[in-house]
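Biologist: Could you walk me through this structure, one question at a time? I would like to hear the reasoning behind each answer.

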Amino acid sequence: MAADKSSKTSATGALTKETLVDLLNQDLEREFQAVIGYVNYSQVLKGAAYMNIAGELEKHAHEELAHALKLSFWIDFLGGMPAVTNKPVKTSEKAEQMLRFDLENEKETIRNYRRRIRQAEELSQFALSEDLREILRDESDHLNALATALGEDTPDPGIAD
Ligand SMILES: [Fe+2]
Ligand SMILES: [Fe+2]
């Protein structure tokens with residue numbers, strides 16, 4: 001019997017390649033969300049206090065695009081079709097609110113990549129997990145930059161189920 005693509009596991013309870021591809025496509029939608037968010041916020045953010053972080057957000061935009069390209073490579077490599085849609089982007093007129101949206105998105109992204117690395121290794125996709133680790137390092141930098149801009153300690157996002 002063919003594995004049910006809507007479930008996370010095959011009939012035997014093991015993670016399947018198809019499910020990993022579906023999950024990577026959700027990661028890709030989060031990367032597109034991040035590209036749009038950072039492109040917008042880096043240009044819209046106003047106020048002397050935020051000029052440093054605006055430059056930083058512009059750098060993030062480039063890094064998120066690089067992540068989207070890397071994920072698309074892997075999704076295609078694993079036999080899937082890379083997503084062409086993004087998760088919804090929240091906007092705000094308030095600088096602090098914008099940074100807060102970014103921070104929450106980065107936490108969600110990190111939670112998911114931590115899980116994805118384990119799942120890639122479960123399927124012996126070690127080169128993929130290596131690339132995911134590099135992406136995760138960037139996301140950790142992004143989270144740290146946003147927390148610092150908000151004057152807060154960097155939170156620990158945990159790991160997705
Ligand atoms: Fe990213
Ligand atoms: Fe990020």
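Biologist: How far apart are the iron ion (ligand 1) and the iron ion (ligand 2), and which residue coordinates both?

Modeller: A word on the basis: this is a predicted model, where local features need pLDDT of at least 70, side-chain atom pairs count only at pLDDT 80 or more, and totals for chains, interfaces and linings use all residues. Residues are numbered from 1 along each chain as its sequence is written, chains are lettered from A and ligands numbered from 1 in the order in which they are written, and side-chain values use heavy atoms, with hydrogens and water left out. The two iron ions, ligand 1 and ligand 2, are 4.0 Å apart, and the residue coordinating both is Glu 64.

Biologist: Which residues coordinate the iron ion (ligand 1)?

Modeller: Donors here are N, O and S atoms within 2.8 Å of the metal (3.2 Å for Na, K and Ca); water is not among the atoms, so sites may look incomplete. Along the chain, the donors of the iron ion (ligand 1) follow the spacing E-x32-E-x2-H-x71-E. At 1.9 to 2.4 Å, the coordinating atoms come from Glu 31 (OE, listed twice), Glu 64 (OE), His 67 (ND1) and Glu 139 (OE).

Biologist: Where do Glu 64 and Glu 139 sit, and how many residues apart are they?

Modeller: Helices are DSSP runs (H or I, at least four residues), as are strands (E, at least two), numbered from the N terminus. Glu 64 is in helix H2 (residues 51-77) and Glu 139 in helix H4 (residues 126-149), so this pair links distant parts of the chain, at a separation of 75 residues.

Biologist: What are the protein donors of the iron ion (ligand 2)?

Modeller: The spacing for the iron ion (ligand 2) is E-x41-E-x32-E-x2-H along the chain. Its pair of Glu 64 in helix H2 and His 142 in helix H4 is 78 residues apart. Lying 2.0 to 2.5 Å from the iron ion (ligand 2), the donors are Glu 64 (OE), Glu 106 (OE, listed twice), Glu 139 (OE) and His 142 (ND1).

Biologist: Why does Glu 64 count as buried or exposed?

Modeller: Buried means under 20% relative accessible area, exposed over 50%, and partly exposed in between (1.4 Å probe, protein chains only). His 142 counts as buried because its relative accessibility is 0%. Glu 64 is buried because its relative accessibility is 0%.

Biologist: Which residues form one aromatic cluster?

Modeller: Rings of Phe, Tyr and Trp (its six-membered ring) pair if their centres lie within 6.5 Å; planes under 30 degrees apart count as stacked, over 60 as edge-to-face and the rest as tilted. Phe 73 and Trp 74 are edge-to-face, at 5.3 Å centre to centre with 80° between the planes. Trp 74 and Phe 77 are also edge-to-face, at 5.1 Å and 70°. The cluster is Phe 73, Trp 74 and Phe 77.

Biologist: Is Phe 77 buried or exposed?

Modeller: Trp 74 is buried, with a relative accessible area of 7%, and Phe 73 is partly exposed at 45%. Because Trp 74 and Phe 77 are three residues apart in helix H2, about one helical turn separates them. With a relative accessible area of 53%, Phe 77 is exposed.

Biologist: Which side chain makes a polar contact with that of Asp 156?

Modeller: A polar contact is a pair of N or O atoms within 3.5 Å; within protein, one must be able to donate a hydrogen and the other to accept it, and residues adjacent in sequence count only if both atoms are side-chain atoms. Asp 156 is in the segment after H4 and is exposed, with a relative accessible area of 63%. At 3.0 Å, the side chain joined to that of Asp 156 belongs to Arg 114.
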